[in-house]
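Open the model in a viewer and keep the sequence panel beside it. The stops below are given as selections, each followed by what is there.

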Amino acid sequence: MIVFPGQSAAQNHPNLKLGPGLVHAPSENNSAITKKAGVLHHSQNNARWWIDTHSRRYVSSAQESVIGIVNGKTADGYRVDIGAAHNATLDALAFEGATKRNKPNLKIGSLVYARVSLAHKDMDPELECFDAQSHKSEGFGELKGGFMLRCSLQMCRLLLDPSHFLLPRLGQKFPLEVAVGVNGRVWIDAKDSRKTIAVARCIEACDPDQYGITSGRRSRLPLTVDGVGNFLAEMDVA
Amino acid sequence: MRPPSPSIPEREFLLESLSQSLRIDGRLPLELRTPVIQFGPELGWVQCSYGKTHAIAYVDAKIVKPEAARPFEGLISINSEISPMASTEYETGRTSDEEVTVTRMLDKILRRSDAIDKESLCILAGKRVWHLRLTVQFLADSGNMLDCGCLAGIIAFKHFRRPDVEVIGDEVIVHSPSERAPIPLSLHHTPLCFTFAFYRPPTATTTSSSSSEPILIIDPSQLEQRLAAGLVSIALNAQKEICVLNKLGGVPLGPEDLLRVIEVAVEKAREVDKLVEKALADDWEERKATVELR
């Protein structure tokens, strides 16, 4: 169902969970109001609701994995650009095994894969590079080498979907390492420049948002399952 | 907010790939993104795109009093604007360095290169002349906005037609397009702009003097443009006449490097010129057909 901002959506459910684009509205029969235009989705049992939108700019929300660029150091941590309206802060102690004496040393310009631990409309977002319960890194931390690609937010969500064809299909062809941030950034490392470029181009070609301004006239169509093999062969990496 | 500088992995990967003659979008070092040209319903309205870089240009004309010093010449003014829509780093009300460069280059290429015959814009000497106003708006920035904006601008001038006017004594009659066919502008030539980015040669081989030639690419993407050690923009027409050559700082270039740039630009200018002429001819054919159907 397509919704516009300000509509009341989502049914009353004892265990209601609201995802992106929805806010809780106690006045509206204890359900939710939309704050984005897009397609409204819900889970089978009507407990989880969210809105899927086309967008290129990231709005941070808690518990999301993002890729950030360190762009400043502060007394007790780093300032990180995550593509949102404000820089995020990353505490130097928010890493696996970090102590006051043994802190990681990130250079300005390094890439970090982190989770948003705090997202509040009146405060700068905060990041952390470990799991709050286990204090293990869980794959978060500095990303060394490789290449970072920027794409639409929807493409990032698609890449995180286990049923999406692209990454498994590429993985069949050659080994690669990928970190997907939901802020429109994807880090790729396939050890070889040619292959890394091939992965970047596949993701770009697959992006449903082809940056066309007028509809109806698309310069090329998004890449499909059957097209991947040919596309890789064209680039001479398959 | 200042534009965030590219991260270390991005920089290292790009420079590493370029030293192997690989570009991230899969192009060859001297390969242009093919420009896509679209015309609007009105004459003089054009949208142009180089890959994901988009620009819109439109021309309008009105009748004004000429400057006292130049009573026989029409006026041309160019406005360009990079809206925050193009990229997060542009803000309204604060002009970025890029915007200043683009505006000045557009002025040099389109106005001061004398592409448009200003005297043909005169209606009544000292009293009435045409004032052409070109507006270029950048909608999306994926690198090389200058070339895109310049191409959109020149095509808009070529596409535009002004209403026919008749002068009887001191009286000026402007005929509406339905009455008399509008008249195309008289253009002397079609200047086209090409931007090249330079990179320092890989440091590992600096010992041998033969490989000290800088790496050269045409039509840089946003990332390539930001990491470049120098940019050179050259504006010329298909007749090999150079209008503007612009190099703002960056690594020093030898005369042989510059000659190479010019050689490539000449070839590209011919290609793009053909493409532009074809697009204009196709659009004109379409317009004719719709008139006949009525």
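The tour goes through chain A and then chain B, and it ends at a pocket.

**Chain A, the open sheet**

The model is a predicted one. Begin with chain A and select β1, β6, β7 and β3, in that order: these 4 strands form an open sheet of mixed pairing. Which strands stand at the edges? They are β1 (2–3) and β3 (17–18) of chain A; each has a single partner strand, so one side of each is left without a neighbour in the sheet.

Now keep β3(A) and add β7(A), residues 48–52; the two run parallel and are joined by 2 bridges. To find one of the contacts, pick A:Lys17, whose bridge partner in β7(A) is A:Arg48.

**Chain A, β9, β10 and β12**

Move along chain A to residues 77–81, which are β9(A), and to residues 88–91, which are β10(A). The two strands run antiparallel and share 4 bridges. A:Gly77 is the bridge partner of A:Asp91 in β10(A). Between the strands of this hairpin are 6 residues, and A:Gly83 there takes a positive phi near 80 degrees.

Colour β10(A) by accessibility. Which of its residues make the covered face, and which the uncovered one? A:Ala88 and A:Leu90 are on the covered face, whereas A:Thr89 and A:Asp91 are on the uncovered face.

Next select β12(A), residues 123–128, which pairs with β10(A) in the parallel sense over 2 bridges. A:Thr89 can be found opposite A:Glu126 of β12(A). The strand β10(A) thus pairs antiparallel with β9(A) and parallel with β12(A).

**Chain A, an annotated span**

Select residues 146–193 of chain A, which an unreviewed UniProt entry lists as "domain: K Homology". Helix makes up 35% of this span and strand 29%. A distance label between the end C-alpha atoms should read 8 Å.

**Chain B, the first helix**

Switch to chain B and select α1, residues 8–19. The helix has 12 residues and reaches 17 Å from first C-alpha to last, close to the 16 Å expected at 1.5 Å a residue. Which residues of α1(B) are buried? They are B:Ile8, B:Pro9, B:Glu10, B:Phe13, B:Leu14, B:Ser17 and B:Leu18. Just past the helix, stop at B:Ser21, where phi is positive at about 60 degrees.

**Chain B, an annotation in two spans**

An unreviewed UniProt entry carries the annotation "domain: Exoribonuclease phosphorolytic" for residues 32–163 and 213–267 of chain B. Select residues 32–163: the composition is 23% helix and 37% strand, and the end C-alpha atoms lie 36 Å apart. For residues 213–267, the figures are 35% helix, 31% strand and 21 Å between the end C-alpha atoms.

Centre on B:Ile56, which sits in β3(B), residues 53–64. Is B:Ile56 buried or exposed? Its relative accessibility is 12%, so B:Ile56 counts as buried, the cut-off being under 20%. From there, draw a distance to B:Leu124: the two residues are 68 apart in sequence, and their C-alpha atoms are 32 Å apart in space.

**Chain B, around β13**

Select β13(B), residues 230–236. Because 6 of its 7 residues are buried, β13(B) is largely enclosed by the rest of the structure.

Add β11(B), residues 192–199, which runs antiparallel to β13(B) and is joined to β13(B) by 7 bridges. One pair to label is B:Phe194 with its bridge partner B:Ile234 in β13(B). Then add β14(B), also antiparallel to β13(B), with 5 bridges between them. Here B:Leu236 stands opposite B:Ile242. The hairpin of β13(B) and β14(B) has 5 residues between the strands, and B:Lys240 in the turn has a positive phi of about 70 degrees.

**The second largest pocket**

Keep β13(B) and β14(B) on screen and show α2 (97–111), α3 (145–159) and α4 (222–227) of chain B; each of these five elements supplies at least two residues to the lining of the second largest pocket. The largest share, 5 residues, comes from α2(B). The volume of this pocket is about 800 Å³.

Which of the 31 lining residues lie nearest the centre of the pocket? Label B:Asp97, B:Glu98, B:Thr101, B:Gln225 and B:Leu231. Coloured by type, the lining shows 12 nonpolar, 11 polar and 8 charged residues.

Methods. Residues numbered from 1 in each chain as written. Chains lettered and ligands numbered in written order. Predicted model: local features only at pLDDT ≥ 70, side-chain atom pairs only at ≥ 80, totals over all residues. Heavy atoms only, no water. UniProt positions renumbered as here; feature names shortened; annotations may be inferred. 1 Å grid on protein atoms, 1.4 Å probe; cavity = no way out; pocket = protein on both sides within 12 Å on 5 of 7 lines; lining within 4 Å. Points joined across faces, edges and corners; volume = space filled by probe spheres on them. Nonpolar A, V, L, I, M, F, W, Y, C, P; charged D, E, K, R; others polar. Expected span 1.5 Å × (residues − 1). Buried < 20%, exposed > 50% of the residue type's maximum accessible area, 1.4 Å probe, protein only. Pairing = 2+ DSSP bridges.
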